[in-house]
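I open these notes for a reader who has not met this structure before. I put down what I looked up, one topic per entry.

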Amino acid sequence: QLQLVESGGGLVSPGGSLRLSCAASGGFTLNDYAIAWFRQAPGREREEISCISTGGGSTNYADSVKGRFTISRDNAKNTVYLQMNSLKPEDTAVYYCAAKKYYCSTNTYNYWGQGTQVTVSS
């Protein structure tokens with residue numbers, strides 16, 4: 001029933017920035033869900049790159065993006081964001097958001113977005 005709608009992907013030059021958005025639809029709010037961002041590059045395993053707790057008080061990052069990407073949420077807008085700075089060609093992937101009750105430490109995500117393509121190339 002919960003639907004996640006992603007936006008913000010596109011083509012960017014190395015060193016550039018993008019901000020991805022993940023918004024809830026279907027009459028649900030994200031307040032009770034931990035939200036994570038995943039990515040999958042061609043020929044690569046799906047990688048969890050970040051997660052944020054229900055209230056935004058706790059975040060974590062994969063080593064591959066730590067210091068460059070920032071996850072945040074605005075529960076009033078029912079939206080989670082991923083700010084991506086200092087982008088590298090190896091960041092090229094399809095990026096997905098996913099939701100679960102209630103903690104980032106829980107393994108299974110209940111809902112997934114459709115994915116948005118991020119391409120970093122000169």
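**Asn78.** I began with Asn78 in this predicted model, where its relative accessibility is 14%, so I count Asn78 as buried, the cut-off being under 20%. I located Asn78 in the loop between β7 (69-74) and β8. I then read its backbone angle and found phi near 60°, a positive value in a residue other than glycine. I kept in mind that most residues other than glycine have a negative phi.

**Ser86.** I looked up a second positive phi at Ser86, a residue other than glycine, where the angle is near 50°. Ser86 has its place in the loop between β8 and β9, and with a relative accessibility of 40% I noted Ser86 as partly exposed.

**Asp91.** The loop between β8 (79-84) and β9 also holds Asp91, and I asked myself whether Asp91 is buried or exposed. Asp91 turned out to be buried, because its relative accessible area is 0%. I then listed what Asp91 touches once neighbours within four places in sequence are left aside, and the contacts are Arg39, Arg68, Phe69, Ser86, Val118 and Val120.

**Strand β4.** I turned next to β4, which covers residues 34-40 and is mostly covered itself, since six of its seven residues are buried. Which strands are joined to β4 by bridges? On one count, seven bridges join β4 to β9 (residues 93-100), and the two run antiparallel; here I found Ala36 standing opposite Ala98 in β9. On the other, five bridges join β4 to β5 (residues 47-52), again in an antiparallel arrangement, with Trp37 standing opposite Ser50 in β5.

**The hairpin and Pro42.** I followed β4 into β5 and saw that they form a hairpin with six residues between them, and that Gly43 in the turn has a positive phi of about 75°. Pro42 is also found in the loop between β4 and β5, and I count Pro42 as exposed because its relative accessibility is 70%. I checked the distance from Pro42 back to Asp32: the two are ten residues apart in sequence, and their C-alpha atoms are 32 Å apart in space.

**The cis bond.** I noted a cis peptide bond joining Lys101 and Tyr102, with omega about 0°. Tyr102 has its place in the loop between β9 and β10 (111-112). As background to this entry, I recall that most peptide bonds are trans.

**The whole protein.** I ended with the chain as a whole, which has zero helices and eleven strands. I compared its radius of gyration, 13 Å, with the value near 14 Å that a compact globule of 122 residues would have, and the two agree. The C-alpha trace spans about 40 × 25 × 25 Å along its principal axes, and 43% of the 122 residues count as buried. Among contacts with a separation of 6 or more, I found that residues 24 or more positions apart account for 55%. The exposed surface comes to about 6,300 Å², with carbon and sulfur atoms supplying 43% of it. Lastly, I compared the mean positions of the 11 positive and 9 negative charges, and they are 3 Å apart.

Definitions and conventions
Residues are numbered from 1 along each chain as its sequence is written. This is a predicted model: local features need pLDDT of at least 70, side-chain atom pairs count only at pLDDT 80 or more; totals for chains, interfaces and linings use all residues. Side-chain values use heavy atoms; hydrogens and water are left out. Buried means under 20% relative accessible area, exposed over 50%, partly exposed in between (1.4 Å probe, protein chains only). Helices (H or I, at least four residues) and strands (E, at least two) are DSSP runs, numbered from the N terminus. Two strands pair if DSSP finds at least two bridges between them. Contact means heavy atoms within 4.5 Å. The radius of gyration is taken over C-alpha atoms; the globule rule is 2.2 Å times the number of residues to the power 0.38. Accessible areas come from the Shrake-Rupley method with a 1.4 Å probe; for residues, only the protein chains shown count as cover. Lys and Arg count as positive and Asp and Glu as negative; His and the chain ends are not counted. The place of a charge is taken as NZ of Lys, CZ of Arg, CG of Asp or CD of Glu.
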